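I opened the model today to look up how its chain is put together. My entries follow in the order in which I made them.

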Amino acid sequence: MKKYSIVRIGSEYVVQAGETSILKVSSRREAAKLVTDAAELLQQEPAAVADEHPSIEREAPELP
């Protein structure tokens, strides 16, 4: 997992993963919560692979 950091730029906080800016929020508390939530999601086991054939098929678009 990449290292996350929160940097204040002006009146906003930028969440960074390594050297890459990911998102901008208005409060440090919100930024910290988002980083914590993302870290928890990354630690979860992946979901089971879905069937190759969906149970609901997409309708073909109507042509004029």
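I looked up the contacts in the chain first, contact meaning heavy atoms within 4.5 Å; of those with a separation of 6 or more, 16% are between residues 24 or more positions apart. I note that this is a predicted model, in which local features need pLDDT of at least 70 and side-chain atom pairs count only at pLDDT 80 or more, while totals for chains, interfaces and linings use all residues. Residues are numbered from 1 along each chain as its sequence is written, and side-chain values use heavy atoms, with hydrogens and water left out.

Next I took the secondary structure, in which helices (H or I, at least four residues) and strands (E, at least two) are DSSP runs numbered from the N terminus. I found one helix and three strands, in the order β-β-β-α along the sequence.

For the surface I used accessible areas from the Shrake-Rupley method with a 1.4 Å probe, where for residues only the protein chains shown count as cover. The chain comes to about 6,200 Å², and 53% of this belongs to carbon and sulfur atoms. Buried means under 20% relative accessible area, exposed over 50%, and partly exposed in between (1.4 Å probe, protein chains only); by this count 14% of the 64 residues are buried.

I then asked which residues make up the largest nonpolar core. It has five, Tyr13, Val15, Val25, Ala31 and Val35, and β2 (12-17) and α1 (28-43) are the elements that give two or more residues to it. Such a core is a set of buried Ala, Val, Leu, Ile, Met, Phe, Trp, Tyr and Cys residues joined through side-chain atoms within 4.5 Å. Leaving aside neighbours within four places in sequence, Ala31 is in contact with Ile6, Tyr13, Val15 and Val25.

I stayed with strand β2, where Val14 is found, and saw that Val14 is buried because its relative accessible area is 6%. Its C-alpha lies 7.6 Å from that of Ala31, although the two are 17 residues apart in sequence. Gln16 is also in strand β2, and I wanted to know whether this residue is buried or exposed. Gln16 counts as buried because its relative accessibility is 17%, and its side chain has a polar contact of 3.5 Å with that of Ser21. (A polar contact is a pair of N or O atoms within 3.5 Å; within protein, one must be able to donate a hydrogen and the other to accept it, and residues adjacent in sequence count only if both atoms are side-chain atoms.)

Last, I went through the salt bridges, each a side-chain nitrogen of Lys or Arg within 4 Å of a carboxyl oxygen of Asp or Glu, and found two in the structure. Glu12 pairs with Lys24, the closest N and O atoms being 3.7 Å apart; this pair links distant parts of the chain, with Glu12 in strand β2 and Lys24 in strand β3, 12 residues apart. Glu12 is partly exposed at 34% relative accessible area, whereas Lys24 is exposed at 57%. Lys33 pairs with Asp37, with 3.1 Å between the closest N and O atoms, and both lie in helix α1, four residues apart, about one turn of the helix. Lys33 counts as exposed because its relative accessibility is 52%, while Asp37 is partly exposed at 29%.
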